[in-house]
Amino acid sequence: MRLSEFIESEYLEKIQPSEQKFLKKYGRFKDRERVESRLKRQFRNVSFRGKGKDIIISIGKPKLQFDLNTTIEKHMANVILRNYELENYYSKTVWLKKMGLAYDYNNVMKLVKNDGIKNVLYETDINLHKTYLKSRFESVFNQIVKAVDGSLVKVWYGGNYVDLKDEYGKTVTVWGSAELSVKDQLKVVNLCKNAKNSVGHRHDYRKSKLWKKGLKRLKYENIWETYKIANFDENKFNALNEKLEGSIISNPQDVFNRQFTKYLKNKINRKDRDDQEFYEKEFMGGYVATMNAWEEIRSKI
């Protein structure tokens, strides 16, 4: 495929965020070798021919593997396999609660709130923690999907408070939810994209005026995305469940936070080029200030 086709394909999301921005702006890769290396870790038979804007890219099938290297990943996979229900799909938030990994980010920020540069470090570290947790969850979920020969489908649900009559004729208000129509799901995808582009940090898009107006237009109190494994091999699903039996751990948040601490140290040490904003903020306080801010956050989770 040509670069113009690559930009419009699903492969664009598989490369570094900084490369995505550069490619969209200038129509060429900033660092071709980095991009090629990233794609080769995810797909077979990746090749780049030509130079600059005339590159021709070939990408084969995804590398199908189930490789959980850490205790927390095995724990996450076990929770998913044991709690997955047909026709009752869960959102990321619900899954993280079942895994013992969900907490209130906003409440943690209130507990560690300070003045000046430290607030910037708190917010940066918390946003990194959100991103890292989501990436681990989605990585595990996708590996399960591939291992059982299924396909991942993200289904949008909408919820509203509904007034109903009980057996005595009294009006009671209950929460009701239902899968959105295909038409409304397409509207929500565009709404998410626009709302994320309208805020300083993508995690805060649900607080934006654009998102709130969109909910009102669609006539929902809330909308959330659920994870569905479609057309999977039931025998492989059961075999994988048996393979991971006994992987549940009693202190998942502590284990995950130890893993994130290691990740954060490595990120600072190698001056990761994927997140220039992170380094601009971190260097204001330096390595020690960054890790101290994270340890304060960690103690409140």
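## The main core

The largest nonpolar core in this predicted model has 48 residues, and the members touching the most others are Ile80, Trp95, Met99, Leu101, Phe137, Phe141 and Ile144. Helix H7 is the top contributor to this core, with eleven residues. Apart from this core there is another one, of 15 residues, including Leu3, Val35, Val46 and Ile55.

Phe141 is a good place to start looking around. Setting aside neighbours within four places in sequence, Phe141 is in contact with Ile80, Trp95, Leu152, Tyr227 and Ile229. As a general backdrop, nonpolar side chains tend to be buried together in soluble globular proteins.

## H5 against H4

Now for the helices. H4 covers residues 71-83 and H5 covers residues 92-99; their axes come within 9 Å and cross at roughly 110°. The pair is therefore roughly perpendicular.

On the H4 side, the residues involved are His75, Met76, Val79, Ile80 and Asn83, and they meet Trp95, Lys98 and Met99 of H5. Sorted by class, this contact has five nonpolar, two polar and one charged residues.

## H5 against H7

H5 also packs on H7 (residues 117-147), at an angle of about 90° and with the axes 12 Å apart. That makes H5 roughly perpendicular to H7 as well.

Here Lys92, Trp95, Leu96 and Met99 from H5 meet Leu133, Lys134, Phe137 and Phe141 from H7. By class, the contact of H5 with H7 has six nonpolar, no polar and two charged residues. Trp95 and Met99 turn up in the H4 contact and again in the H7 contact, and both are on the list of core residues that touch the most other members.

## Strand S4 and its partners

On to the strands. S4 (residues 151-165) pairs with S6 (residues 222-230) in the antiparallel sense, over nine bridges. S4 is also joined to S5 (residues 171-179) by nine bridges, and these two run antiparallel too.

Tyr157 is a handy marker, as it has a bridge partner in each of these strands: Trp224 in S6 and Glu179 in S5. S4 and S5 form a hairpin, with five residues between the two strands. Within that turn, Gly169 has a positive phi of about 85°.

The strands tie back to the core through Phe141, whose contacts include Leu152, Tyr227 and Ile229. Leu152 falls within the residue range of S4, while Tyr227 and Ile229 fall within that of S6.

Technical notes:
Residues numbered from 1 in each chain as written. Predicted model: local features only at pLDDT ≥ 70, side-chain atom pairs only at ≥ 80, totals over all residues. Heavy atoms only, no water. Axes fitted to C-alpha atoms, helices over the stretch in contact; angles between N-to-C directions. Helix = DSSP H or I, 4+ residues; strand = E, 2+ residues; numbered from the N terminus. Parallel < 35°, antiparallel > 145°, perpendicular 65-115°, else oblique. Contact = heavy atoms within 4.5 Å. Nonpolar A, V, L, I, M, F, W, Y, C, P; charged D, E, K, R; others polar. Pairing = 2+ DSSP bridges. Core = buried A, V, L, I, M, F, W, Y, C linked by side-chain atoms within 4.5 Å. Buried < 20%, exposed > 50% of the residue type's maximum accessible area, 1.4 Å probe, protein only.
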